[in-house]
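Me: I am new to this structure and would like to understand the reasons behind the terms used for it. Please explain each one formally.

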Amino acid sequence: KMFKSDQPTLIFSIAGLCLCLCFIIGTAQAQPFQFPFQDYRLPLDDRVSDLIGRLSLIEKINQTWSVAPAIPRLGIYAYNWRANCLHGWSESGGKWLPDEKWTVFPEPIGLGASFDEQLMRLVGIVTADEGRILHQRGVEANNGSSLEARALNCFAPNVNLMRDPRWGRGQETFGEDPLVISRLGTAYTRGMQEGSDPRHLKVAACGKHYAVHSGPEAIRIEFNANASLHDLFDTYFPGFIAQVKDAKVATFMPAYSGVNGYPDAASPYLLTKMLRETWGFDGAVISDNGAVEWVDTAHHFVDTKEKAAAVCINAGCDMDLGGDAIYPDYLPKAVADRLVSESTLDRALTRLFSVRFKLGEFDPDWYVPYRSIPFNMLNSVAHQQLNLQSARETLVLLKNDKNLLPLNPDTLRRVAVIGPNANASGTLLGNYQGRPSEIVTLLQGIQKRLSNSANRATVTYQTGCKHVTCFSTDGFADAVAAAKEADVVIAVMGIDQYIEAEGKDRTKGYPCSLDNIDSAVLGLPGCQNQLLEQVYAVNPRVVLVLINGGPLSVPWSHDNIPAIIEAWYPGALGGTAVAEALFGDYNPGGKMPMTVYKSLSDVPALTNYNMTYPPGRTYRYFTGQPLYRFGHGLSYTNFTYSHIRLAQSTIAPCGRVNVTVTLRNDGKLYGDEVAQLYITAPRQNGFPTPILSLKGFERVGLIAGGQMDISFEVLPEALSLVDNQGDRAIYPGTYHVSVGGAQPPSSSVLETQFRVTGAVTPLYKCQA
């Protein structure tokens with residue numbers, strides 16, 4: 001349980017081999033073709049062109065809606081584009097059979113805490129395999145047409161940046177750092193799209209919500225974010241650029257909101273100039289649900305739905321995902337009024353049908369091996385092993401005074417488990433959840449683990465609070481009594497989708513009946529903190545486990561509670577993973593993917609997208625003292641970094657720097673460590689310079705006494721800075737480098753420096 005198993009990878013490899021064999025056998029079969037677009041031997045462009053050329057104007061327009069109707073005369077079945085796969089397939093909107101249960105991984109914010117690209121790729125592979133199975137069952141049950149929530153495309157990953165801790169959908173992201181978002185998002189997309197068949201996508205992923213989007217949720221359909229060119233290219237764009245250039249993502253989804261005066265779904269700058277002409281995206285752009293209509297009725301960018309349809313499709317939004325069919329209802333008149341040309345329609349259809357062709361929709365069964373993924377892989381043992389491993393890797397040990405953790409289960413006689421999230425099964429799944437066959441709550445995980453201990457410790461469970469809002473103290477007395485009699489108290493506190501969710505930011509506190517004062521906006525809601533205080537007063541041996549998406553500011557707990565674990569929304573097997581960590585079967589190795597601020601006074605207005613507005617946003621620009629820094633995370637073992645060395649101490653502007661350190665596990669336990677490389681560039685006058693930036697990371701595992709060298713290659717792009725025009729360049733001067741298990745300054749961090757000589761050099765000259 002203390003190591004990463006290769007078993008899931010092996011099983012996936014065997015499955016891929018089987019699919020290849022099915023493909024080879026199937027190629028011997030003959031297939032008649034009524035139309036050229038059905039001929040899998042023809043080039044993709046020829047097939048797409050032939051299909052579109054056979055459509056009438058109305059047929060073309062109808063195919064630009066999310067529920068694309070069947071065209072029986074051409075043998076084309078209906079296709080429903082609506083599906084989500086944020087952390088496993090989502091059940092939302094679907095009609096499911098009783099035996100259709102599948103894997104629900106931790107929320108992406110927790111997966112971000114893993115800092116593990118290999119893990120994210122495997123999560124993507126499992127999600128795609130299970131999505132293929134669910135799709136195949138859907139079309140078989142629906143006479144060949146796809147059903148809602150069972151599409152072969154799906155709307156993930158969310159590569160927005162968690163700019164503000166109050167944002168209700170921050171839980172869907174990988175955190176606040178552009179590099180982490182880029183690399184984990186790329187791994188997830190490639191895991192979903194790539195497989196054993198190079199001719200087809202396994203699933204078509206979607207980079208969302210493009211491009212400057214992180215609240216306020218309450219006004220998201222009408223909100224316009226003002227963002228400088230510096231902030232666009234330095235902070236908001238990198239995750240999306242990586243989706244295009246590194247992941248080769250098949251689809252994009254613009255956000256509901258607008259940027260600098262243009263709704264994202266109607267922005268030629270975002271959808272054409274940047275996405276296609278600058279970065280080279282060649283896939284399809286799909287609006288968010290209802291976004292096209294809201295260009296008129298919410299943004300008031302135009303004054304009719306006809307014009308809204310026209311400006312969106314002209315800007316490069318190929319599909320209307322609206323519940324109301326704005327494109328089908330209003331594009332016919334827009335074409336008649338010459339607001340939209342038929343060639344623009346053909347352009348949109350080319351992109352949309354290209355995705356469907358790449359998914360194999362118009363190919364014979366034997367030519368698409370992904371259709372043969374067996375049903376018994378859905379929710380398989382291997383998939384659940386990976387799910388458990390992913391839950392383990394999300395855990396972050398925030399504090400562990402006097403090594404209270406791990407607890408020795410064989411010496412415990414009484415354990416008190418308290419808190420509103422201790423047995424809240426649905427809370428563990430977060431949002432856009434699927435249909436797991438089993439949910440293990442933290443209480444259940446603890447009970448099961450202790451049932452196998454020497455003393456078979458008695459577990460006493462008291463909620464203390466009936467709900468996370470925790471207005472009433474009616475349950476306090478029972479919780480305090482249980483704590484007083486226990487050897488140790490495990491307090492499972494936090495928030496849930498009632499507090500933070502799509503459409504709901506954390507913008508208010510919740511009252512406590514003890515004093516009728518609202519709790520801190522970023523803190524534990526209601527009376528939860530008072531419950532902790534009363535429990536601690538009778539038994540200071542308290543372990544606090546936090547369940548949440550957005551960061552929780554817990555200054556009192558940080559000062560008093562001896563051990564704190566951040567568990568996020570850990571997925572269906574979260575209770576097992578947390579119990580393993582509590583009792584030493586697993587050594588937590590996650591790191592914080594975002595800054596935990598001390599209070600709301602450390603955060604600018606939610607509507608302010610200026611990254612450097614005092615006191616600054618994210619660790620890259622924040623000038624204050626946080627409660628927990630980005631990259632923070634402890635271990636049950638001790639890691640030591642030594643012998644930092646540079647292959648080059650002086651480089652030319654387009655040169656590369658190789659940095660190597662030696663990492664040793666000086667403790668008594670196996671453990672994972674996330675080595676982090678930060679660079680501080682020479683400060684420039686005239687435009688913002690980050691305080692420091694993460695430029696490399698690697699999660700590794702070491703046995704007790706083990707040692708290894710870790711090397712990073714720092715490329716010119718990692719040394720570049722963004723000016724006020726959004727242009728990247730390398731600047732001469734001294735660059736400070738740190739490598740360790742945290743941000744500098746820290747006792748676990750090594751520091752050195754190198755110089756860049758010469759003149760200011762635009763990055764594009766290094767990439768020529």
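The exchange below takes up confidence, burial, strand pairing and enclosed space in turn.

Me: What makes the confidence in this model high or low along the chain?

Reply: The model is predicted, and pLDDT runs from 0 to 100. The mean pLDDT of the chain is 95, and 96% of its residues reach 70 or more. Over residues 1-11, by contrast, the pLDDT is below 50, and this stretch has 23 contacts in the model beyond near neighbours in sequence. Residues 17-29 also have a pLDDT below 50, with 14 such contacts.

Me: Why does phenylalanine 115 count as buried?

Reply: Buried means under 20% relative accessible area. Phenylalanine 115 has a relative accessibility of 1%, and therefore counts as buried. This residue lies in the loop between α4 (108-114) and α5 (117-141).

Me: Which residues is phenylalanine 115 in contact with, leaving aside its neighbours within four places in sequence?

Reply: Contact requires heavy atoms within 4.5 Å. Among the residues in contact with phenylalanine 115 are Val180, Leu184, Met592, Phe630, Val674 and Phe697. As for phenylalanine 174, 59 residues apart from phenylalanine 115 along the chain, the two C-alpha atoms are separated by 9.2 Å.

Me: How do you know that strands β20 and β25 pair?

Reply: Two strands pair if there are at least two bridges between them. Five bridges join β20 (residues 671-680) to β25 (residues 733-740), so the two strands pair. They run antiparallel, and isoleucine 679 stands opposite valine 737 in β25.

Me: Why are β18 and β21 called edge strands?

Reply: The open sheet has five strands in the order β18-β26-β25-β20-β21, with mixed pairing. Both β18 (650-651) and β21 (693-702) pair on one side only, and are the edge strands.

Me: What makes β3 mostly covered, and how does β3 run relative to β5?

Reply: With the limit for buried at under 20% relative accessible area, five of the five residues of β3 (residues 206-210) are buried. Four bridges join β3 to β5 (residues 251-254), where at least two are needed, so these strands pair; they run parallel. The bridge partner of lysine 208 in β5 is methionine 253.

Me: How many cavities of 30 Å³ or more are there, and what lines the largest cavity?

Reply: The count is two. The largest cavity holds about 40 Å³ of space, and its lining includes Met162, Arg163, Asp164, Glu176 and Tyr597. By class, this lining has five nonpolar, one polar and three charged residues.

Me: What lines the second largest cavity, and how do the residues of that lining divide?

Reply: The second largest cavity, with a volume of about 30 Å³, is lined by Val159, Leu161, Pro178, Ile181, Thr235, Tyr236 and Gly239. Helices α6 (178-193) and α7 (229-236) each supply at least two residues of this lining. The lining divides into five nonpolar, two polar and no charged residues. Gly counts as polar, and Gly239 is one of the lining residues.

Me: Why is the second largest pocket called a pocket and not a cavity?

Reply: A cavity is a space that the probe cannot get out of, whereas a pocket is open; the space in question is therefore called a pocket. The second largest pocket has a volume of about 530 Å³. Of its 27 lining residues, the closest to the centre are Tyr77, Glu361, Phe362, Asp363 and Arg371. The largest share of the lining, five residues, comes from α5.

Technical notes
Residues numbered from 1 in each chain as written. Predicted model: local features only at pLDDT ≥ 70, side-chain atom pairs only at ≥ 80, totals over all residues. Heavy atoms only, no water. pLDDT = per-residue confidence, 0-100. 1 Å grid on protein atoms, 1.4 Å probe; cavity = no way out; pocket = protein on both sides within 12 Å on 5 of 7 lines; lining within 4 Å. Points joined across faces, edges and corners; volume = space filled by probe spheres on them. Buried < 20%, exposed > 50% of the residue type's maximum accessible area, 1.4 Å probe, protein only.
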